[in-house]
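Here are some short exercises to work through with the structure open beside you. Try each task before you read its solution.

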Amino acid sequence: MSAAASTPHVSAEPETLALLRHSVAGLARFDGQRIRAWRDRSPGFDRALWREMASQGWFAIPVPETEGGLALGIEAAAIVAEQLGRACLPEPYVMAGFLGPMLLAQSTNEAARRELLPDVLSGETVLAPAWQSADGGISPSTPGVFARPDADGFVLSGESRFVVPAEADIYLALAHDGDGLLVAAVERRDVRMLRQEPGPDGVSTAWLGFQDLRVPKSRLLMSGEAVAARVQAALDHAVIVQSAELCGLMQRALEMTLDYLRTRRQFGAPIGSFQALQHRAVDLFIQQELARHATGTAVRAAANATDCRVLSRAASSAKARAAHAALLIATQSIQLHGAIGFTDEYDLGLYVNRIVRLAASFGNAAEHRRRFAAASAET
Amino acid sequence: MSFRYGVEQERDWNALTDEEFRAIVRAEFEANYPTELRYAPRRLRWHETKDWYLRMAAKGWIAPNWPVEYGGMGLSPAKLLIFHEETERWGIGRYQDHGTLMLGPVLIRWGTEEQRRKYLPDVLACRSIWCQGYSEPGAGSDLASLGTRVVLDGDEFVITGQKIWTTLAQDATHMFLLARTDPGAKKQEGISFLLLDLAQKGVRVRPIRDIAGHEEFCEVFLDEARTHVSNLVGELNRGWTVAKSLLGFERIHIGSPRMPEYGLTVLKRVAEARGVWDDPLFRDKYFALALDVQHLADAYNHFTAIVIRGEPLGQDVSYLKIWATETFQRIADLTVETAGPFAAVKGDVRLNDTTVNVLASFYKARPPTIYGGTNEIQRNILAQQVLGLPRR
Ligand SMILES: Cc1cc2nc3c(=O)[nH]c(=O)nc-3n(C[C@H](O)[C@H](O)[C@H](O)COP(=O)(O)OP(=O)(O)OC[C@H]3O[C@@H](n4cnc5c(N)ncnc54)[C@H](O)[C@@H]3O)c2cc1C
């Protein structure tokens with residue numbers, strides 16, 4: 001059995017979590033005009049809002065108190081993500097506000113930790129984990145970047161893709177050094193932006209090129225045997241938190257659809273009075289509830305997990321359901337709205353496009369079903 | 001008939017064998033249709049398709065479905081199908097073709113000689129582009145509840161109301177529309193079919209952006225728009241009958257297996273690029289869908305045979321539309337699933353050795369279950385009129 005869980009094993013008090021939910025909902029309000037304005041525009045999200053989110057302490061959730069964090073655990077992060085999902089925010093909370101700080105806080109390089117974390121927690125510095133290779137595999141054991149040792153550190157070469165946020169200040173580059181994995185902090189100006197790939201939600205991802213990039217030891221955040229398990233565990237946490245974001249998104253999409261079914265009239269009656277549509281709505285509701293509970297179970301499992309396989313199974317179980325449910329709700333919501341559901345002017349479309357994006361990144365439903373099967377076969 | 005509509009046909013197409021005809025059509029398309037416009041991920045705009053369709057117009061191929069005496073190719077149903085098949089096979093982008101697809105057949109069947117002479121030559125020459133103004137904000141599935149009003153002012157109809165979801169109205173010069181000419185009559189009975197020139201001050205067209213980021217449909221505001229009384233098609237208050245005569249055609253058109261077939265080719269490319277084409281699990285899913293498409297084609301051939309025999313289509317043709325459009329959606333959904341993280345990229349995406357627009361299928365597959373009568377409405381029709389189940 002390997003030690004895996006990477007958030008501190010602290011369960012926040014229920015009152016703390018309720019307060020958190022309230023304060024996130026207060027700050028993260030849906031604003032369709034703002035979302036549309038940020039689309040397909042650099043850097044894809046609002047740095048001022050990012051700093052405000054930071055000032056609420058949200059990025060400190062996965063960081064131990066000894067590092068200036070709140071150590072609130074994954075329950076709190078899931079609450080933040082769910083509320084952000086409800087508001088359809090383009091800000092890259094899961095990647096840059098949760099996974100990034102979590103990885104950095106676990107760095108064995110104390111100097112780098114002390115130097116970088118404060119600015120990350122204040123929202124000044126935006127991190128982007130760069131862990132996925134250009135072929136899009138979901139296992140961190142095969143990153144697209146290779147590291148070879150050099151006098152005072154490492155030389156990185158290769159490519160990393162699907163990096164969010166695309167225009168971060170610092171990329172946390174995952175690399176393979178032949179023996180195992182390492183994570184290095186790389187400044188934006190030192191990597192080549194091969195391409196920014198536009199997302200359906202208007203948020204682009206970076207395709208980064210590392211060309212014999214020298215990274216001094218001082219920028220090496222972690223290396224050695226424990227890294228693989230630690231990175232995998234961090235990614236699993238992020239997958240669970242992302243599932244919570246999908247839950248928030250699908251809830252709002254379904255609420256909008258139910259509202260529409262109640263108010264849209266055709267043939268002299270609200271369309272929601274037609275039994276065919278009632279049954280469809282109920283089927284979507286069932287999926288939404290399954291996703292909520294699967295995610296809740298995974299959150300609790302992650303908070304308590306000491307075994308990395310248990311954690312991986314929990315993460316895949318949550319994402320497999322959340323991605324499936326969210327896509328179904330998105331596409332059926334369009335259908336239940338009729339033509340207006342296919343327009344960009346109507347807010348549902350923002351949710352649909354955000355769902356399409358999140359359902360596909362960090363492993364889609366099918367990839368997580370396969371990973372779940374693999375993890376189940378081993379036990 | 002002395003009046004000449006359009007250009008003369010090179011030959012009697014129906015005298016050719018199907019194979020000969022197919023070869024001629026295919027050769028023309030392959031030699032002359034611009035490659036970069038094949039299988040466009042969205043509806044093309046007039047400025048993009050113009051050159052091609054002016055060529056078709058000059059050749060006399062713009063209206064394959066119209067009789068020769070009206071300037072069409074006069075194709076028999078069998079030849080017409082071949083023409084459509086080749087169009088779809090080569091991925092030729094449509095322009096706003098409601099003029100040839102709908103207005104022509106309507107005027108030939110219901111119009112006056114004066115209307116035909118006035119409008120058809122321009123349609124044939126692409127001097128006029130027509131859009132379809134049926135839907136309104138309050139009248140979608142329940143089209144008969146439409147509220148666009150018409151009052152008579154001397155020899156002109158004055159039209160006020162709002163049309164919506166009007167495909168490519170921003171490219172159109174004219175609109176055929178349904179409007180209420182008798183507010184007192186029961187729903188369907190007070191509606192007339194009118195022709196309207198859009199170049200006038202009572203008309204405002206506003207494009208609507210869709211969730212894929214394209215502007216393919218519009219809102220059309222009519223504020224005392226005027227049209228001469230001679231632009232009434234069919235009898236006053238009998239517009240519903242005129243419009244309805246086109247429905248069967250629409251359902252068989254949307255029921256064609258070409259769209260899902262094309263979806264399958266994209267899916268296959270994605271699967272190959274992702275290295276799962278030989279994966280038994282994937283093949284199981286793929287061939288389930290391939291059979292769905294195959295059986296759609298079998299059913300489609302059954303309905304086209306009816307058309308070829310010149311017999312009327314029954315209401316059961318509705319299932320073709322349901323099966324074609326939902327099969328395409330399942331194919332698009334498996335494409336997204338197979339693409340993994342590449343489905344988080346919009347537009348063309350580099351997927352190992354291939355470049356493919358993964359999300360184009362996803363977006364393209366959404367509207368067909370909504371337009372042409374939603375699939376829910378088609379299911380109502382099938383349940384009540386084909387299966388004979390009782391109404392509520
Ligand atoms: C891409 C696109 C292009 C279009 N182009 C044109 C065009 O060129 N010209 C034009 O006039 N129109 C056009 N339309 C409009 C199209 O015809 C309408 O969208 C369609 O008739 C449905 O109407 P609606 O969108 O108002 O949905 P609604 O009728 O409001 O339906 C909303 C939902 O309720 C369901 N519903 C409604 N009634 C029932 C019932 N009795 N039983 C069960 N379910 C029911 C529907 O199936 C749907 O799921 C286009 C639409 C699209 C999407």
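**Exercise 1. Find what surrounds a residue.**
Leaving aside neighbours within four places in sequence, which residues is B:Asn375 in contact with in this predicted model?

*Solution.*
Step 1: Take the partners from chain B, leaving aside those within four places in sequence: B:Lys321, B:Ile322, B:Thr325, B:Glu326, B:Pro368 and B:Thr369.
Step 2: Add the partner from chain A, which is A:Gln335.
Step 3: Place the residue in its element. B:Asn375 belongs to helix α12 (residues 375-386) of chain B.
Step 4: Decide whether B:Asn375 is buried or exposed. Its relative accessible area is 1%, and buried means under 20%, so B:Asn375 is buried.

**Exercise 2. Describe the contact between the chains.**
How many residues does each chain bring to the contact, and what is the area buried between chain A and chain B?

*Solution.*
Step 1: Count the residues: chain A brings 40 residues and chain B brings 38 residues.
Step 2: Look at the area. About 3400 Å² is buried between chain A and chain B, with 58% of it coming from carbon and sulfur atoms.
Step 3: Pick out the main contributors on chain A. A:Phe267, A:Gln335 and A:Phe342 supply 20% of the area that chain A buries against chain B, more than any other three residues.
Step 4: Turn to charged pairs. There are five salt bridges between chain A and chain B, and one joins the side chains of B:Arg206 and A:Glu345 at 3.0 Å, N to O.
Step 5: Ask which elements of chain A take part. Those that each supply at least two residues to the side touching chain B include β3 (153-163), α9 (308-337) and α10 (348-360); α10(A) gives the most, with six residues.
Step 6: Sort the residues on this side of chain A by type: 15 are nonpolar, 13 polar and twelve charged.

**Exercise 3. Read a helix from end to end.**
Which residues of helix α3 (residues 47-55) of chain A are buried, and how are they arranged around its axis?

*Solution.*
Step 1: List the buried residues: A:Leu49, A:Trp50, A:Met53 and A:Ala54.
Step 2: Look down the axis of α3(A). The buried residues fall within an arc of 145°, so they line one face of the helix.
Step 3: Recall a general rule: an α-helix has 3.6 residues a turn, so residues three or four places apart point the same way.
Step 4: Find the cover. Among the elements covering the buried residues of α3(A) are α1 (14-27), α4 (74-86) and α6 (110-121) of chain A.
Step 5: Check the ends. A:Asp46 caps the N-terminal end, with a side-chain oxygen 2.9 Å from the backbone nitrogen of A:Ala48. Just after α3(A), A:Gly57 has a positive phi of about 85°.

Terms used
Residues numbered from 1 in each chain as written. Chains lettered and ligands numbered in written order. Predicted model: local features only at pLDDT ≥ 70, side-chain atom pairs only at ≥ 80, totals over all residues. Heavy atoms only, no water. Contact = heavy atoms within 4.5 Å. Buried area = accessible area lost by both parts, 1.4 Å probe. Salt bridge = Lys/Arg side-chain N within 4 Å of Asp/Glu carboxyl O. Helix = DSSP H or I, 4+ residues; strand = E, 2+ residues; numbered from the N terminus. Nonpolar A, V, L, I, M, F, W, Y, C, P; charged D, E, K, R; others polar. Buried < 20%, exposed > 50% of the residue type's maximum accessible area, 1.4 Å probe, protein only. Arc of directions from axis to C-beta. Polar contact = N/O pair within 3.5 Å; in protein donor to acceptor, adjacent residues only side chain to side chain.
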